[in-house]
Amino acid sequence: MFISKVRSLESMDCNFDAGINVICGPNGCGKTTILESIHLLAQGFSFRSRDLRELITWKQNELILRGEFEDEGRERMRALRVFSRGSEVRENGETLKSPTAFFGTCPAVIMQPSDIELLRGGPEVRRHWLDEILCYRSAANALVLRRYKRVLQQRNKWLKEFKQNGAAVGGEDLFRVLTQQLIELGAKLWAARIALSKEVSEIITRYYRKLSGGVDEITCAYKSSILKSLDALDVADPLSEEMMDEIPAGGSVNAAGVAAYSSDAVSEEMLRNAFARKLADLEFVERLQGMTMAGPHRDDLALCASGYEMRSVGSQGQCRSAAVAMRFAAVDVASRYLTKPILLLDDIFAELDVNRRDAVAALIREKECQVVIATPQAEDLPFKADVRIQIGF
């Protein structure tokens with residue numbers, strides 16, 4: 001891999017082994033930048049910056065990255081040049097539209113100390129994690145997600161303009177079209193997220209049990225106002241005997257005779273109808289606020305211990321274990337639907353106690369992925385490196 005003019009790295013050429021690669025060096029010498037460069041060429045985006053121009057070395061005009069990846073026997077030669085006016089992206093000599101075109105063939109999963117924000121941070125952090133691995137499952141999911149974000153942005157722009165001026169370009173007809181598009185795409189995105197959250201919840205729970213030594217348990221659940229509204233649709237109207245026969249598989253009836261649905265029983269049509277009702281109820285408030293008040297963009301993934309959300313009650317050790325479990329869940333999803341990912345570890349062992357370090361090391365060996373680790377001291381790692389790269393000395 002060739003790196004030029006990326007953050008503090010002037011120029012560097014690295015060769016990585018298929019096994020465990022360790023990058024050693026003092027703090028500030030560019031170890032994390034190497035991981036970031038690998039992630040950028042593999043995933044098409046940086047895990048540290050949204051604007052790739054921020055990666056260009058101070059007072060330089062451009063950065064250059066080149067790397068060779070192997071995707072189930074197929075070689076992918078990737079090159080990226082970022083400059084002040086944009087970027088040039090190539091794979092096997094073919095020009096691509098943007099770096100995001102890299103996504104979905106050579107996955108990479110990053111683990112870093114800041115991953116504790118997966119538990120401590122706001123819902124948008126967990127949504128980003130969920131949506132990233134949602135796109136591992138299917139290219140169609142990535143398309144739905146992009147289209148939903150675009151329609152949401154257009155609808156919010158219309159609402160903001162209406163709030164300011166009492167009218168908006170395109171008029172009420174455009175607003176109705178955007179609302180209908182948002183409903184259709186939102187239902188598809190919800191259905192995909194609910195299915196994924198059910199899959200990863202079991203994986204996260206299993207990994208957390210291994211990392212904690214079975215001392216405690218966690219549970220995961222997808223949180224959405226739309227699911228609550230599905231459970232409360234008929235609160236005022238108990239079901240008749242005829243309606244009881246129409247409850248889909250997986251549905252249940254509570255003591256008041258009201259239909260309640262588990263996530264397994266929720267269909268895309270039910271989500272679409274519930275979303276339409278929700279937006280209709282909120283339309284007056286949305287016009288006052290100038291933004292869309294309901295939808296998948298406001299949901300969360302709740303991780304709980306002893307019945308309480310870890311975001312507020314989890315200890316440092318519990319949250320770090322849960323974050324590592326979430327990253328290993330991403331490794332499993334990528335392996336199942338794409339190929340084994342590159343595992344990038346940014347000095348994570350310093351934040352773990354001895355038992356958790358050993359448990360993480362065992363899981364890494366079990367995955368048999370290509371691993372690139374950045375650490376100040378290779379001697380402190382709980383396993384031996386196949387390749388050791390020293391920088392900054």
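Visitor: Which residues line the second largest cavity?
Guide: This is a predicted model, where local features need pLDDT (the predictor's confidence in each residue, from 0 to 100) of at least 70, side-chain atom pairs count only at 80 or more, and totals for chains, interfaces and linings use all residues. Residues are numbered from 1 along each chain as its sequence is written, and side-chain values use heavy atoms, without hydrogens or water. A cavity is a set of points on a 1 Å grid over the protein atoms alone where a 1.4 Å probe fits but cannot get out, and lining residues have an atom within 4 Å of a point. Here the lining is H39, A108, V109, I110, E132, I133, Y136, R327 and A330.

Visitor: Which elements give two or more residues to that lining?
Guide: Elements are DSSP runs numbered from the N terminus: helices (H or I, at least four residues) and strands (E, at least two). For the second largest cavity, those giving two or more residues are β8 (108–111), α3 and α10.

Visitor: What is the volume of the largest cavity?
Guide: Happily, the search covered the whole structure and found three cavities of 30 Å³ or more. The second largest holds about 50 Å³ of space. For the largest, the volume, meaning the space filled by probe spheres set on grid points joined across faces, edges and corners, is about 110 Å³.

Visitor: Which helix gives the most to the lining of the largest cavity?
Guide: Among the residues lining the largest cavity are R320, A323, V324 and R327. Four lining residues come from one helix, spanning residues 316–337, and the top contributor is α10.

Key
1 Å grid on protein atoms, 1.4 Å probe; cavity = no way out; pocket = protein on both sides within 12 Å on 5 of 7 lines; lining within 4 Å.
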